[in-house]
Amino acid sequence: MKSIINKRIQTILVILLIFWIVEIINTIVGHKFGTFGILPRNVVGLRGIILSPFIHHGIPHLILNSIPFVILGTIVIIRGVGQFFQISVFIIMIGGIGVWIFGRTALHAGASGLIFGYFGFLVAAGWYEKKIVSILIAVAVLFLYGGAIFSGIMPTQRFVSWEGHLFGLLAGILTAKMLVKKKN
């Protein structure tokens, strides 16, 4: 049991380390990785669907994403490493495609779409599973992050990808619906 918990924690920390290594290198090269974000309705921008969660617009941007990634990612990975990666890939792909189709013309990057997806997944899993543990997790996640989530999907700041937040959230909800129905 202890080795399973260690593996899950290590997985989250390795992904976080990758975020930080990419950002350190990006800082050294003058933030040239920003061009690998999602550029809506542009063929070159398609690569950003997969790459954008690993690219941030500076250390402050990554710091803002690191703590919720660790907290929400850890709650998601309780379901198992395999399911964690399945959930993460679904959120990244579905949310990224949503941004690519509907986002405003800008470079969208950062792990916040994935984080909003974890939020959506955890809340929706409580709704769809109807198990006491899932419901308690959903309530706790709503309590901790509800305000930030709902303010993050509003187009209030020009340099914030509210589209990434919104489509990440929707992707997380859709992912929960697909996986819970598949499981039941």
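**Helix packing and a cavity**

In this predicted model, H4 and H5 pack with their axes 9 Å apart, at an angle of about 120°.

Reader: What makes this a contact of H4 with H5?
Author: Contact means heavy atoms within 4.5 Å. On the H4 side, Phe 84, Ile 87, Ser 88, Ile 91 and Ile 92 make the contact. On the H5 side, Gly 113, Leu 114, Gly 117, Tyr 118 and Phe 121 do.

Reader: How do the residues of that contact divide into nonpolar, polar and charged?
Author: Seven are nonpolar, three are polar and no residue is charged. Gly counts as polar and Tyr as nonpolar. So Gly 113 and Gly 117 fall on the polar side, and Tyr 118 on the nonpolar side.

Reader: Which hand does the crossing of H4 and H5 have?
Author: H4 passes H5 in a right-handed crossing.

Reader: Why is the space of about 200 Å³ called a cavity?
Author: A 1.4 Å probe fits in a cavity but cannot get out. The space of about 200 Å³ is therefore closed to that probe, as the largest cavity. The count is one cavity of 30 Å³ or more.

Reader: What makes a residue part of the lining?
Author: It has an atom within 4 Å of a cavity point. The largest cavity has 20 such residues. Ile 38, Ser 52, Gly 110, Gly 113 and Gly 164 lie nearest its centre.

Reader: Which elements give two or more residues to that lining?
Author: Helices H4 (81-102), H5 (112-129) and H7 (162-183) do. H4 gives the most, with five residues.

Reader: How does the lining divide by residue class?
Author: Nine residues are nonpolar, eleven are polar and no residue is charged. Gly counts as polar, so Gly 110, Gly 113 and Gly 164 belong to the polar group.

Key
Residues numbered from 1 in each chain as written. Predicted model: local features only at pLDDT ≥ 70, side-chain atom pairs only at ≥ 80, totals over all residues. Heavy atoms only, no water. 1 Å grid on protein atoms, 1.4 Å probe; cavity = no way out; pocket = protein on both sides within 12 Å on 5 of 7 lines; lining within 4 Å. Points joined across faces, edges and corners; volume = space filled by probe spheres on them. Helix = DSSP H or I, 4+ residues; strand = E, 2+ residues; numbered from the N terminus. Axes fitted to C-alpha atoms, helices over the stretch in contact; angles between N-to-C directions. Left-handed = near helix turned anticlockwise from the far one by under 90°.
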